Amino acid sequence: MSLASLPSPPPVRGLGGLPGLGHALPLLRDPLAFLRAANEQCGPIFEVRAPRVRAVVLAGAEANRFAAQEGRDALHAGPFWRSLTDHHGARHVLVALD
C-alpha cells in the first residue's frame with residue numbers, strides 16, 4: 001500500500017475553531033487541553049488548521065509506536081523546518097534532519 005492511497009487524517013471539528021483562524025485560538029489558549037479533546041474526538045491521528053498552517057498530529061502511544069517503527073519511510077521533517085533553516089542560513093539543524 002502506498003502513502004498516496006491512504007486516507008487523509010480526519011479534521012478536528014468544532015472545539016473552538018473559527019472560520020479563517022482555524023484552531024489557532026484554542027491552541028494558543030491551552031494547547032494540551034485542545035489536543036486531548038481532539039484526540040478523544042478523532043483518534044490518534046488528526047488534522048488541525050490555523051492561518052496558513054495545516055498540521056497532522058500523531059497523539060498517544062499507538063501513533064508514537066508507528067512513528068518510531070515506520071516513520072523513517074513515512075514521515076519527513078525537512079520540508080516543515082525548511083523555511084526556518086533557510087531564514088537562519090543553517091544547512092544542518094537537528095530537528096530538520098530525516
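Reader: Where is the place of Pro-44?

Author: Pro-44 sits in the loop between α2 (31-42) and β1 (45-50), where helices (H or I, at least four residues) and strands (E, at least two) are DSSP runs numbered from the N terminus. This is a predicted model, in which local features need pLDDT of at least 70 and side-chain atom pairs count only at pLDDT 80 or more, while totals for chains, interfaces and linings use all residues. Residues are numbered from 1 along each chain as its sequence is written, and side-chain values use heavy atoms, with hydrogens and water left out.

Reader: And what does Pro-44 touch, not counting residues up to four places away in sequence?

Author: With contact meaning heavy atoms within 4.5 Å, Pro-44 touches Asn-39, Val-57, Leu-58, Ala-59, Glu-62 and Ala-63. Ala-59 is 15 residues apart from Pro-44 in sequence, yet their C-alpha atoms are 4.8 Å apart in space.

Reader: Is Pro-44 buried or exposed?

Author: Neither, because its relative accessibility is 28%, which counts as partly exposed; buried means under 20% relative accessible area, exposed over 50%, and partly exposed in between (1.4 Å probe, protein chains only).

Reader: Let's go inside, then: which residues make the largest nonpolar core?

Author: Val-12, Phe-34, Ala-38, Phe-46, Val-48, Val-57 and Ala-59 make up that core of seven residues, a nonpolar core being a set of buried Ala, Val, Leu, Ile, Met, Phe, Trp, Tyr and Cys residues joined through side-chain atoms within 4.5 Å. The elements giving two or more residues to this core are α2 and β1. In soluble globular proteins, nonpolar side chains tend to be buried together.

Reader: What does Phe-46 touch?

Author: Leaving out residues up to four places away in sequence, Phe-46 touches Pro-9, Pro-10, Val-12, Leu-35, Ala-38, Asn-39, Ala-55, Val-56, Val-57 and Ala-59.

Reader: Switching to charges, how many salt bridges does a search of the whole structure find?

Author: The search finds two, counting a salt bridge as a side-chain nitrogen of Lys or Arg within 4 Å of a carboxyl oxygen of Asp or Glu. Glu-47 pairs with Arg-49, with the closest N and O atoms 2.8 Å apart, and Glu-47 also pairs with Arg-54, where the closest N and O atoms are 2.6 Å apart. Salt bridges that share partners thus join Glu-47, Arg-49 and Arg-54 into one network.

Reader: Which of those residues is buried?

Author: Glu-47, in strand β1, is buried because its relative accessible area is 7%, whereas Arg-49 at 47% and Arg-54 at 48% count as partly exposed. Beyond its neighbours up to four places away in sequence, Glu-47 touches Pro-9, Pro-10, Pro-11, Val-12, Arg-54, Ala-55 and Val-56.

Reader: What about His-23, is that buried or exposed?

Author: His-23, in the segment before α1 (24-29), is buried, because its relative accessible area is 7%. A polar atom of the His-23 side chain lies 3.0 Å from the backbone oxygen of Gly-14. Leaving aside neighbours within four places in sequence, the contacts of His-23 include Val-12, Phe-34 and Val-48.

Reader: Back to the outside: which residues make the nonpolar surface patch?

Author: Leu-18, Leu-21, Leu-25 and Leu-28 make a patch of about 360 Å². Patches are made of residues with over 30% relative accessible area and no salt bridge, like charges being joined within 9 Å and nonpolar side chains (Val, Leu, Ile, Met, Phe, Trp, Tyr) within 5 Å; accessible areas come from the Shrake-Rupley method with a 1.4 Å probe, and for residues only the protein chains shown count as cover. Leu-28, in helix α1, is exposed because its relative accessible area is 70%.

Note on methods
A polar contact is a pair of N or O atoms within 3.5 Å; within protein, one must be able to donate a hydrogen and the other to accept it, and residues adjacent in sequence count only if both atoms are side-chain atoms.
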